[in-house]
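Q: Please take a close look at the site where the ligand sits, and at the parts of the chain that frame it. I would like a connected account that begins with the atoms in contact and then works outward.

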Amino acid sequence: MPSSSHDVAIIGAGPVGLSFALALAGRGLDILLIERQSAEALAEPAYDGREIAHTHHSRAFLERIGAWHRVPANAVSPLRQARVLNGGASYALTFDTGTEGVEALGYLVSNHLVRRALYAAAVAAPGITIRAGTEVARVSTDAAAARLALPDGEEVTATLAVAADTRLSRSRAQLGIGISTYDSGRAMLVGRIAHEADHGGVATEWFGYGQTVALLPVNGNLSSLVLTRPKAEIARLQALSPEAFEAEIAESLAPRKLGRTRLASPRYAYPLVATYARRFVGRRYAVIGDAAVGMLPITAHGFNLGLRGAETLAREVLAARSRDLGAPDALGRYEAAHRLATAPIYAGTNAIARLYAEDNPAARLLRHAALRLGNNVGPFRRAVASMLMDRGSSAA
Ligand SMILES: Cc1cc2nc3c(=O)[nH]c(=O)nc-3n(C[C@H](O)[C@H](O)[C@H](O)COP(=O)(O)OP(=O)(O)OC[C@H]3O[C@@H](n4cnc5c(N)ncnc54)[C@H](O)[C@@H]3O)c2cc1C
């Protein structure tokens, strides 16, 4: 059987696996990415309904690894203001560029365009080989190397294996790393809505009547609709014709005063299940991206944290390269830093999901109190704003 040997083997060429490879590129390393999807699907990924809100930090990192300039400028939608409302109440927790002293709170880009840009950058980068259209069937590691078996029996060995292979990571399970899971019992429906009025770059999120609705501003008179309801409800909405769906959500969207609205893309549904790996590293092995921390998408942190983890791991691995790319102390430093960066946000996001899933009077009151606290307590407000924008210059 054929075999090959590399410095680093990455399982999964999703956005985080590609970002990690790019963060290592150009330093003389031999980096192999193995991806189940075809090369064609990686080069021209299909629209999947996700509009990713990038923090300032993520944008700077994507610039450094040569991907951001490959996203068409008109596909980057700046977020000028974010408003969070509770049910029918007019009181809103508001963040805007004026108060925060920035030109944008964040930058929305469709997931498929970020993935396309990252793939193009990886193809052009020195030292990166992409094996698409195959998969890693089995991973094992020993003191000398990580061994990855492909379905045809081929074996790939590497000094370090890094898995960015989804929140359901198979390699993580094979190496005995457990996860904690939170299933909210809800699902998220996403898709684009065209409307008559200008959104002014304002993102709005509001709660009530058993649902959460967010509208995220996309360039042109377009918004990304993000609707969270119990799973069965989302399945019912998915099954409606576009016309019946438009009629049903028109009432929910009316308070936002955007004029007539219509569906402008297919609808996609995602279950709201969060996962957190009990360990981020093993012998000659590390998990990054959703395989490490699978966030609920309600606070728009999954990819941003994935990029932070990729950046941290790349820095530690490069620092250890003269000794051993898979040195346990380097992997340990990644684990500690990434846990610190992610655990509070993960717990906070799950707590918010619990609070907003409830529609009883106590939960409504608590939500209202939380919004007022957010607006009126300076340090709290600043903490939330800095978490949303993440203007720090390098990974912790
Ligand atoms: C509706 C929605 C909205 C979101 N919005 C935001 C947002 O605004 N901001 C934000 O930061 N995040 C957001 N996210 C989260 C973000 O999309 C994810 O965090 C991100 O896609 C994770 O990237 P990844 O590379 O870790 O994993 P994935 O994108 O899941 O990629 C994993 C890759 O690994 C491959 N693979 C798996 N197993 C194998 C194997 N055995 N062999 C070979 N290949 C394999 C898969 O084919 C896949 O290509 C959102 C998510 C959703 C669902």
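**The ligand and its surroundings**

A: In this predicted model, an oxygen atom of the ligand lies 2.9 Å from a polar backbone atom of N304. Seen as a whole, the ligand has 1,000 Å² of accessible area on its own, and the protein covers 90% of that area. Two further polar approaches to the backbone can be set beside the one at N304: an oxygen atom of the ligand is 2.8 Å from a polar backbone atom of A53, and an oxygen atom of the ligand is 3.4 Å from a polar backbone atom of A164.

The shell around the ligand holds 30 residues, of which E35, R50, A53, D290 and F303 come nearest. A53 therefore appears twice in this account, as one of the nearest residues and as a backbone partner within the 3.5 Å limit for a polar contact. Sorted by class, the shell is made of 14 nonpolar, eight polar and eight charged residues. Several elements supply at least two shell residues each, namely α1 (15-24), β2 (31-35), β3 (51-54), β12 (179-195) and α9 (302-320).

Among these elements, β2 deserves a careful description, since E35 is both one of the residues that come nearest to the ligand and a member of this strand. Five of the five residues of β2 are buried, so that the strand is described as mostly covered, with buried meaning under 20% relative accessible area. In a regular strand the side chains alternate between the two faces of the sheet. In β2 the two faces are both covered, with I31, L33 and E35 on one side, L32 and I34 on the other, and every one of them buried.

The strand has two parallel neighbours. Strand β1 (residues 3-11) pairs with β2 in the parallel sense over four bridges, and within that pairing A9 stands opposite L32. With strand β8 (residues 128-132), β2 again pairs in the parallel sense, here over five bridges, and E35 stands opposite A132 of β8.

The connection between β1 and β2 brings in the helix that also contributes to the shell: β1, α1 and β2 make a right-handed β-α-β unit. Helix α1 is itself mostly covered, for ten of its ten residues are buried; these are P15, V16, G17, L18, S19, F20, A21, L22, A23 and L24. G17, which lies in this helix, has 0% relative accessibility and therefore counts as buried. Helix and strand can also be related by a C-alpha distance, because G17, buried in its own right, is 7.7 Å in space from L33, with their positions 16 residues apart in sequence. Just after α1, the backbone of G26 takes a positive phi of about 80°.

A further contributor to the shell is β12, and S184 has its place in that strand. S184 is buried because its relative accessible area of 16% falls under the 20% cut-off. The side chain of S184 makes two approaches to the backbone, reaching the backbone nitrogen of R186 at 3.1 Å and the backbone oxygen of L272 at 2.9 Å. S184 also has a sequence-distant C-alpha relation to P271, since the two are 87 residues apart in sequence and 8.5 Å apart in space.

One further part of the chain gives a useful contrast with β2. Along strand β10 (residues 146-149) the side chains of A146 and L148 point to one face and are buried, whereas those of R147 and A149 point to the other face and are not buried; in β2, by comparison, both faces are covered. Strand β9 (residues 138-141) is joined to β10 by four bridges in an antiparallel arrangement, where V139 has L148 as its bridge partner, and the hairpin between these two strands passes through four residues. On going to strand β11 (residues 155-163), β10 pairs in the antiparallel sense, also over four bridges, with T157 as the bridge partner of R147. The hairpin of β10 and β11 has five residues between the strands, and in it G153 takes a positive phi near 95°.

Conventions:
Residues are numbered from 1 along each chain as its sequence is written. This is a predicted model: local features need pLDDT of at least 70, side-chain atom pairs count only at pLDDT 80 or more; totals for chains, interfaces and linings use all residues. Side-chain values use heavy atoms; hydrogens and water are left out. A residue is near a molecule or strand if one of its heavy atoms lies within 4 Å of it. A polar contact is a pair of N or O atoms within 3.5 Å; within protein, one must be able to donate a hydrogen and the other to accept it, and residues adjacent in sequence count only if both atoms are side-chain atoms. Accessible areas come from the Shrake-Rupley method with a 1.4 Å probe; for residues, only the protein chains shown count as cover. Ala, Val, Leu, Ile, Met, Phe, Trp, Tyr, Cys and Pro count as nonpolar, Asp, Glu, Lys and Arg as charged, and the others, Gly among them, as polar. Buried means under 20% relative accessible area, exposed over 50%, partly exposed in between (1.4 Å probe, protein chains only). Two strands pair if DSSP finds at least two bridges between them. A crossover is right-handed if, with the strands pointing away from the viewer, the path from the first strand over the helix to the second runs clockwise.
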